[in-house]
Amino acid sequence: MMNPVLRREAVTSLRGWKNFAVLTFYLGVTALGAGMVIYTGMFDNWDFSFDPQIMMVLYVVLAAVQMALITLTVPALTAGSISGERERQTLDLLLVTKMSSFSIVMGKLLASLAFILLLIVGTLPVLSLVFYFGGIKISAVLLMVGFMLMTALMLGSISVFFSCIFKRTVVSIMLVYIIMGVLCLGTILAAVLPLAVRDYNAVNMINLESEYWRIALTLIPNPGVAFFSLVDAQLGSNIVTRELLSMLNSKNSALNWIVENIWMMNMLFDAAVTALFIALSCRAINPVREHRHGGAERKPKKERKKGKKKEAV
Amino acid sequence: MLEIKDLVKRYGKFTAVDHLSLSVPEGTIYGFVGPNGAGKTTTMRIMAGLLTATEGSVMIDGIDATKNPKALRERIGYMPDFFGVYDNLKVTEYMDFYAGTYGIPYKERGGMIDNLLEIVDLTHKKEFYVDSLSRGMKQRLCLARSLIHDPSLLILDEPASGLDPRARVEMKEILKQLQSMGKTIVISSHILPELAEMCTQVGIIDHGRLAAAGSVQEIMHRLTQKRVIYVRPAAEMEKMLRILEEQPAVQGLVENTLDAEFDFDGTDEELAGILKRLVLADVPVVAFREKEGNLEEVFMRVTGGESV
């Protein structure tokens, strides 16, 4: 049986013209852009020869636009999922039903991501043009879509969690964008800044190998680095992977493998974060969670402290 | 059916529910009355599994509600005091959604939804959008929603609040029908007379404590030493007053132009005896009844004079 929350959202969200208009506009712009690239590629040459390299550029640009779309819109779409129910005064009605906290959280998360999924799936034919004209395998296109979905799930699960614990949707949106900023820019700064500082203090001896590991591991959560690492892996291009390999210049094969497959490590990281935040969200919305484990209700902080002092006496 | 023992709910230093104990037998309509902020909603939310109790237990059909919320949810239908509805959803889709949340198979839903909409008299609105319904209709729809999994106990938090008199009457009729279907109903209100007419049992809650419990008559009898009786004869006023003055249970007789009132301190049988004497003495009694408004006085007295 389909998740009732997801089913309801599927029924209501496509009612009315707004989402239909957004979908049409987005697909129209994407198709027009792709069409222009192909047209230019075909008719700019005197012999009407077609350069498959152009399709590669088209693939990267389209995928990058989708990735940007996900990172920018997912927080806004999901941060109101639970707090919206609370504001609308429908959350209690949902919590008294037989639906488990997990079903409610997953229903809300997937329902919020459904529209983004629709946009991504809607543009699949355009992305597949690259496949049609040669240059990239369909499995690579699907892998790219999978990577985007994993990123969307990761951001969505964090948003849903904030939506569970904060009453106001705006607070949740702000916090998710801050976390996204930390993931996209903070990780790069964290990887690079210590190097710059140490260069100035070159007298200090540093363990190069552990420094390389630190840089590689710090960059794993970065969605941008992971995205271009996947592009590099698919197209053999040199956007981040080879740059990083030559920068680190390590002979450690395990480290080099991680650098070459940052996208894969990133997907694993995203999966772990998604699982963690879904679990935390389930805990946050379950009104009687304490008793499930047979424990008594938690007292307010102040009372707990007082209790400890008394026990100590 | 429902057994609450020593229920306590504290928010920091504030005690919302203070060692509340009550018992609701199967098939009754139990009125839960108290002024705003008395702890009615908190108690009902604990019953519904939406809040944990600090101390005490809530047993429904022998199941500890605080320890087994899943089993509890199958047995109770809950209607909160304030609730919202989803946009862009038709009445049947709304019901279908909640049927899904209780895991009711698709093929069973159609007939079940039609029956419930008929009970709450919303069949003619089944293709309307939920957010376009009036408040009274939304209340009735929410009641139908709470019945979708055929619960044995209904917990209704102020279902009549904000309704116009006609909608209140309709709600009362529906509740009576549900009682006849064997449902046990716990219903809250901050207005005692509103519940008195339809409840078999009433519990008055104040400052988180149960101040009085029992049938309306029992509570009245226990808490009022004197009942005010109104009597109107078509004629023979003098004769009527003379007979009344002779009765030892009659005190403070007040004579008006067309009728009279007196304080009565006695049993129902004694009161019936007075009426019989008047009739046998050929006094043409047109009206002989306990004066309304006493319920509110009782309520005010029990709840320490807070406004209703």
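Trainee: Which residue does A:Arg8 form a salt bridge with?
Mentor: A salt bridge needs a side-chain nitrogen of Lys or Arg within 4 Å of a carboxyl oxygen of Asp or Glu. In this predicted model, the closest N and O atoms of A:Arg8 and its partner are 3.3 Å apart. So that partner, with A:Arg8 on the other side of the salt bridge, is A:Glu9.

Trainee: What kind of model is this?
Mentor: Residues are numbered from 1 along each chain as its sequence is written, while chains are lettered from A and ligands numbered from 1 in the order in which they are written. Side-chain values use heavy atoms, without hydrogens or water, local features need pLDDT of at least 70, side-chain atom pairs count only at pLDDT 80 or more, and totals for chains, interfaces and linings use all residues, as this is a predicted model.

Trainee: Is A:Arg8 buried or exposed?
Mentor: Here's the scale: buried means under 20% relative accessible area, exposed means over 50%, and partly exposed is in between, using a 1.4 Å probe and protein chains only. A:Arg8 has a relative accessibility of 6%. Because that is under 20%, A:Arg8 counts as buried.

Trainee: Which residue of chain A meets B:Glu93 in a salt bridge?
Mentor: The N to O distance in this pair is 2.5 Å. B:Glu93 lies in helix α3 (residues 91–101) of chain B and its partner in the loop between α1 and α2 of chain A, so the pair joins two chains. B:Glu93 is partly exposed at 21%, and the partner is partly exposed at 23%. That partner is A:Arg15.

Trainee: And which residue of chain B forms a salt bridge with A:Asp92?
Mentor: The closest N and O atoms of this pair are 2.5 Å apart. A:Asp92 sits in helix α5 (residues 91–95) of chain A and its partner in helix α1 (residues 40–47) of chain B, so this pair joins two chains. A:Asp92 is partly exposed at 21%, and the partner counts as partly exposed at 21%. The name you want is B:Arg45.

Trainee: Which residues do salt bridges that share partners join into one network?
Mentor: A:Arg8 and A:Glu9, the pair we started with, belong to it. The full network is A:Arg8, A:Glu9, A:Glu85, A:Arg88 and A:Lys108.

Trainee: How many salt bridges does a search of the whole structure find?
Mentor: The search runs over all chains. B:Glu93 with A:Arg15 is one salt bridge, and A:Asp92 with B:Arg45 is another. The total is 19.

Trainee: What is the volume of the largest pocket?
Mentor: On a 1 Å grid over the protein atoms alone, a pocket is an open set of points with protein on both sides within 12 Å along at least five of seven lines, a cavity is a set where a 1.4 Å probe fits but cannot get out, and lining residues have an atom within 4 Å of a point. Points are joined across faces, edges and corners, and the volume is the space filled by probe spheres set on them. For the largest pocket, that gives about 980 Å³.

Trainee: Which element gives the most to the lining of the largest pocket?
Mentor: The lining has 34 residues, with A:Glu9, A:Ser13, A:Asn19, A:Ala111 and A:Ser112 nearest the centre. Elements giving two or more residues are α1 (4–13), α2 (18–43), α3 (52–78), α6 (101–122) and α8 (138–165) of chain A. Helices (H or I, at least four residues) and strands (E, at least two) are DSSP runs, numbered from the N terminus. With 9 residues, the top contributor is α6(A).

Trainee: What is the volume of the largest cavity?
Mentor: Searching the whole structure turns up 1 cavity of 30 Å³ or more. Its lining includes B:Pro159, B:Arg168 and B:Met198, and helix α6 (residues 165–180) of chain B gives the largest share, 3 residues. The volume is about 40 Å³.

Trainee: Where does B:Asp282 lie?
Mentor: B:Asp282 has a positive phi of about 65° although it is not a glycine. B:Asp282 is also exposed, at 58% relative accessible area. Its place is the loop between α10 (268–280) and β14 (285–290) of chain B.
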